[in-house]
Amino acid sequence: MTARDLVLGRIRAALGDTPAVPAEVPRGYRPAGSGAADLDLLVHRLADYRATVHRCAEEGEVAQVVHRILGGRRVVIPPGLPPHWLPDTVTAVTDENLTADQIAAVDGVVTAAAVAVAETGTIILDAGPDQGRRMISLLPDVHVCVLRTDQVVAGVSSALARVDPRRPLTWISGPSATSDIELNRVEGVHGPRHLHVVTVPRA
Amino acid sequence: MRTFLGMPATAPPGVGHLRGEEPFPAAARRALGDAQLRRNLRHATTTIRTKSGAVIGEVPDWQQLRAAGRAIKADAMARLPELLEQLEAAVAAAGGTVHWAADAAEANRIVTELVRATGADRVMKVKSMATQEIGLNEALEAAGIEPVETDLAELIVQLGHDRPSHILVPAIHRNRAEIREIFLREMPGVDPDLTDDPPALAAAARRHLRQTFLSTRVAVSGANFAIAETGTLAVVESEGNGRMCLTLPDTLITVMGIEKVIPTWDDLGVFLQLLPRASTGERMNPYTSMWTGVTPGDGPQQVHLVLLDNGRSAVLADQVGRQALHCIRCSACLNVCPVYERTGGHAYGSVYPGPIGAVLSPQLTGVADNASLPYASSLCGACYDACPVMINIPELLVHLRAQAPHPKSEAAAMAAAAYTMDHPALYAAAQRAAKLSKLSGPRGRGLPPPLSGWAASRDLPEPPSQTFRQWWAER
C-alpha cells in the first residue's frame, strides 16, 4: 500500500457516510467588481505602511521621479520596462539571466505592476515582461514600482479576478517589515527597505 | 495491525512536538511564577488586540467573510479526498512533484531524502507550523543537514536554543532586551555595540542572513493555502525571508497539512481578507507569494509538495472535532485568551498553544496523550468570537473534556448524585444534610484531606438557612 493510498483511505474512512456533496457557502461578502477603485484610498493605505507615493500627472514625469530617487546609482530593470521611465542619470542593468549576487549588488530596481488593491494598499506583480523575475524586485534595497491608475481595483476579490494563478505572483504591501519584536511593526528586514510607488494615468 | 491500515490514525509518539513533557497545570504553575514572561505577553497581546480590532472595524462585511470562510473550510473537509487528488494533478501538471506522508516520521524521511538527492548540507526554512510539528529540524540535523530558520522570531528561538511559544510570533515571550542578549551571544560577527532598538535588531538579522539567502540551494517552506482548482500554493509573510526562500534556491520543498487545501481561486480571496487582519492586525501582510508548480526561468526549478496526515485523519473522523481542521493559524485566539496571556505558549507542551492548541493537539495525538489541555481554559468564549473562521472552540473543549480520562471517584460521585436526584425523599434528606456542611468551616476551609486540596483554591458556598422546599411548604 502506498502512502498516497493509505492517507486517502484514512480520509475516506474518517468521512464515513458523510455525503461528499459541496456544502452551501454563504457568499454575502462584497464580490469581485464591487466598490470603486479609489486611487486616493490606495495612496493613503500605501503611505500608512511607509511606502512613498509619487503621483504623476503624465507618464513623462516618471523619469524625473526615478532620477530623484535613484539618480547616480545602478538599477536593475526587467527586459520589458518602458525605456522612457529611466532618466539618463541612472546606470540601468537589464536582467538577462543575471545571478542573484549580481542583482543583490545593485542599488535599486524599477518595475511596473500588474494590479493594485486600494483597500489594502497592495501592489501585485505577476512577473510580466515589464516586471521581470521575482528575484529582481526582492534583492535590491530600493524598489520603484510604476503603477498605471487603471490597474487599481477596490478590493482583494477584484484583484484575484484580474490576475492569472498560473503566473508567479508577489503581493507587496509596503516595505519589508516584521512584527516579531513585541508585536510592533518595524520596517526593513530582508526585502527592499524602501518602496516607492509612482502612479501615472494610462497614456 | 494489518487490518487497521486505512483507518484514521493519530500522530505517533516519539517524533515531533505535539506532546508536552508534563501536564498543563504543572507547566502553567511554573510559567505563572515568571513575572518577566507575563509582562512580555501582556504587552504583546494587548498591542495586537488593539491593532487587529482597528483594522477589522474597517471591513463592512467582516461577519459575511467569516461565515464564508467557515463554510468553505467545512466544504473542503467534506470533499477532502477529491480536492487533494485535484491539487495533486494540478501541481503535477505544472511541473511539481507531490509526495504523501502518513505521519511525521515519513514526512521527515521524504524531506531528508529530497535534500540528500541535491547534495546540499544546508537548507533554509520559511517559518512553518507543519515542520515544527513533525520535528523536521531535528531529523535534518540527525542526517547531517543544517536547517537555518530565516523568520526573525524563529531565528531568535533557534539562536536562543529555545522553543516557540506562539503560532505567529514564536519568540513572543522574549522582549527586545532579551533578543539583544541572544544576538550578542549567538550571532557570529554581530556588532558588539548593538542596541535593543527593534530596527537595529531587525537590521542585524538582515546582515546575518543575507549570505545564507544568496548561497543556499534548497529551501523548505510550509503553505498557508493550496488551491485545488489551480495547484497554486500561497505563503503569507512579512519580512521577505519567505520570498528569498521561495525564489532564490534551485529546489523548494513545501510541507503542508492536508487540511490546508481550499477548492477554488476565488475562495482564496476570502482568506486573504480574513488572515492578515485577524493575525498581525494589518490590512495586508507585507508579502504574499503564490506559485503554481515550476515557472521556467523564474524561481526554483525543482518544486516538491509533501502532503502530511500525521493525525489529521483522526481529527476528521470526529464530526464535532473536525472543525479544528478549519484553523488558518492566525493566532487570534491566543491573543485574546486570558489563560494564554498568563501562562504563555510553552505550558501547552505542543507546538500548537492557546485555545486552538488545546483542541487541536489532543485530537492529533489522541486525547489520552494531551488529557490536561481541554481543561486549559475558562470557557469564556473569547476565542470563538475572535476566530476568523468561527471555530467553536468552547464547544470543542467541552466535547474533548468528555473524552478525557476521568478519575473513578468522580464517576462514583456523579452516579451517586444522579441516583439521589432521581429519588425525591433521598433528595430532600440530602438537602437537609447539606446544612451539616457548616461543620466544614467557612467556605470549606475546615475540610479534611483530600477535600482540603479541592477547597484550597475554591470556595464552598455557604448553605442557605432553609431549602427552597422548606420555604415553599411554610408559605
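How far apart do the C-alpha centres of domain 1 of chain B and domain 2 of chain B lie? They lie 53 Å apart, where domain 1 covers 27–312 and domain 2 covers 409–474, with bounds that come from an automatic or database domain assignment.

Before I go on, please keep in mind that this is a predicted model, in which local features need pLDDT of at least 70 and side-chain atom pairs count only at pLDDT 80 or more, while totals for chains, interfaces and linings use all residues. Residues are numbered from 1 along each chain as its sequence is written, and chains are lettered from A and ligands numbered from 1 in the order in which they are written.

Let me turn to the contact between the chains, which takes 63 residues from chain A and 83 residues from chain B, two residues being in contact if their C-beta atoms, placed from the backbone, lie within 7 Å. On the side of chain A that touches chain B, the largest share, 12 residues, comes from H1(A); helices here are DSSP runs of H or I with at least four residues, and strands are runs of E with at least two, numbered from the N terminus.

The chains also meet through strands, since S9(A) is joined by four bridges to strand S9 of chain B, residues 287–292, and the two run antiparallel. Strands pair if DSSP finds at least two bridges between them, and in this pairing A:Trp171 has B:Thr288 as its bridge partner.

Within chain A, there is an open sheet of six strands with parallel pairing, in the order S1-S12-S7-S4-S2-S3. Its edge strands, each pairing on one side only, are S1 (52–55) and S3 (91–94) of chain A. Strands S4 (residues 108–112) and S7 (residues 142–148) of chain A pair over five bridges, and A:Val110 has A:Val144 as its partner there. Helix H2 of chain A, residues 39–48, lies across S1 and S12 of chain A and runs at about 150 degrees to S1(A), with angles taken from 0 to 180 degrees between N-to-C directions of lines fitted to C-alpha atoms, for helices over the stretch in contact.

Finally, in chain B, helix H5 (residues 104–118) has buried residues that include B:Ala107, B:Val111 and B:Leu114, buried meaning that 20 or more other C-beta atoms, placed from the backbone, lie within 10 Å of a residue's own. Just after H5(B), B:Gly119 takes a positive phi of about 85 degrees.

Technical notes: A residue is buried if 20 or more other C-beta atoms lie within 10 Å of its own, exposed if 12 or fewer, and partly exposed in between; C-beta atoms are placed from the backbone.
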